[in-house]
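Here is a colleague's note on side-chain contacts, set out as numbered points to be read alongside the sequence and the structure.

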Amino acid sequence: MTDTVDTVGMIGLGNMGGRMARRLVDAGFTVVGHDPVAGRAGSVGAEPAADPADVARRTRVLLLSLPDSHVVEPVVRAVLAVADEGTTIVDLSTASPASTRTLHDEALARGVRYLDAGISGGAAAAEKGSLTIMAGGDPGALAELESVLAPIAATVHHMGPSGAGHTAKLLNNFLNAVSLAASAEVMVAGRKAGLDLPQLLEVINSSSGVNFATTNRFPAIVRGDYLEGGLTSRLMTKDVALYVDLMGRLGVPTLNAAGPLASFGLAENLGYGDLISNRVVDALGDVAGGVRVHDQEG
């Protein structure tokens with residue numbers, strides 16, 4: 001594709017897709033958007049499309065921001081049924097690398113380029129356009145999308161062939177899940193032990209226990225700000241399950257997945273499944289006797 005891209009399709013306009021679509025609109029792109037929730041396209045400045053096939057008929061660059069491969073697969077096949085040769089699909093979802101490679105091959109057979117592009121940074125980075133993208137697939141196709149990705153990502157890494165981007169995303173998300181679940185457990189224990197939690201975080205963040213959750217999440221959470229709008233506990237559980245499946249396919253033992261699966265599964269079962277995954281600390285606090293790591297007033 002050598003023409004300048006000025007129209008982009010976006011399928012999936014939730015927490016992440018909606019923010020990315022708004023960034024593209026603000027950067028001067030025409031965005032044709034579809035989401036099963038009525039009104040979302042208009043709310044982010046996109047032109048509404050009736051369904052994924054409608055997006056494909058009106059654009060030659062389509063971005064997907066969907067929950068998992070079970071949703072991605074029928075959407076991509078609906079797009080492929082009508083997409084013009086030379087169309088590029090960029091799957092920004094967190095998905096199974098095995099499914100991704102199958103879809104890549106199906107797209108290739110129809111003259112459509114398929115890139116898997118895992119994203120990291122959460123809703124805050126999507127809002128600011130500072131996401132990290134880890135992409136798999138044709139490096140030439142990725143290079144041609146520089147102007148499209150620039151408004152949403154601060155860094156773009158080509159990780160290798162089809163599936164490599166989604167593999168890197170699952171590895172990263174697993175570490176994210178481990179650190180968040182473990183840090184939540186520690187914060188609940190610190191509260192029950194009577195420690196000053198801001199001071200405890202200062203100690204951890206200048207010591208060997210430091211991690212993304214202790215530096216970027218819990219300083220806000222202990223003030224009562226859960227940083228709403230990011231990955232939910234239900235989706236975090238899904239991501240860890242995808243990681244376990246990947247490890248099985250690779251023949252690599254996974255000895256550390258039980259903790260986050262139990263923690264975020266607990267959060268789901270206690271009613272926090274559709275809230276930001278940071279609420280796992282409340283789920284752990286519930287079973288520890290109703291502990292909250294922030295001071296409660298009123």
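1. In this predicted model, aspartate 26 and arginine 22 form a salt bridge through their side chains, with an N to O distance of 3.8 Å. Both residues belong to helix H1 (residues 15-26), and because they are 4 residues apart there, about one helical turn separates them. Aspartate 26 counts as exposed, its relative accessibility being 59%, whereas arginine 22, at 32%, counts as partly exposed.

2. A salt bridge also joins the side chains of arginine 77 and glutamate 73, again with 3.8 Å from N to O. These two residues lie 4 residues apart in helix H4 (residues 69-80), which is about one turn of the helix. Arginine 77 has a relative accessibility of 36% and counts as partly exposed; glutamate 73, at 25%, counts as partly exposed as well, because that term covers values between the 20% limit for buried and the 50% limit for exposed.

3. The salt bridge between arginine 191 and aspartate 295, whose closest N and O atoms are 3.4 Å apart, links distant parts of the chain, since arginine 191 is in helix H9 and aspartate 295 is in the segment after helix H14 (280-287), 104 residues apart. Arginine 191 is partly exposed, with a relative accessible area of 28%, while aspartate 295 is exposed, with 64%.

4. Glu228, Arg279, Asp282, Asp286 and Arg292 are joined into one network by salt bridges that share partners. The count of salt bridges comes to 17, and the pairs in the points above are among them. Arginine 279, a member of the network, also has its charged end over the ring of tyrosine 226, at 3.6 Å from the ring centre.

5. How many aromatic pairs does a search of the whole structure find? The search gives 1 aromatic pair, formed by phenylalanine 174 and tyrosine 243, whose ring centres are 3.8 Å apart and whose planes meet at 5 degrees, so the pair is stacked; the angle limit for that term is under 30 degrees. Phenylalanine 174 is in helix H9 (residues 164-192) and tyrosine 243 in helix H12 (residues 233-250), so the pair ties together parts that are 69 residues apart in sequence.

6. Are the two residues of the aromatic pair, phenylalanine 174 and tyrosine 243, buried or exposed? Phenylalanine 174 counts as buried because its relative accessibility is 8%, under the 20% limit, and tyrosine 243 counts as buried at 9%.

Definitions and conventions
Residues are numbered from 1 along each chain as its sequence is written. This is a predicted model: local features need pLDDT of at least 70, side-chain atom pairs count only at pLDDT 80 or more; totals for chains, interfaces and linings use all residues. Side-chain values use heavy atoms; hydrogens and water are left out. Rings of Phe, Tyr and Trp (its six-membered ring) pair if their centres lie within 6.5 Å; planes under 30 degrees apart count as stacked, over 60 as edge-to-face and the rest as tilted. Buried means under 20% relative accessible area, exposed over 50%, partly exposed in between (1.4 Å probe, protein chains only). A charge sits over a ring if NZ of Lys or CZ of Arg is within 6 Å of the ring centre and within 35 degrees of the ring normal. A salt bridge is a side-chain nitrogen of Lys or Arg within 4 Å of a carboxyl oxygen of Asp or Glu.
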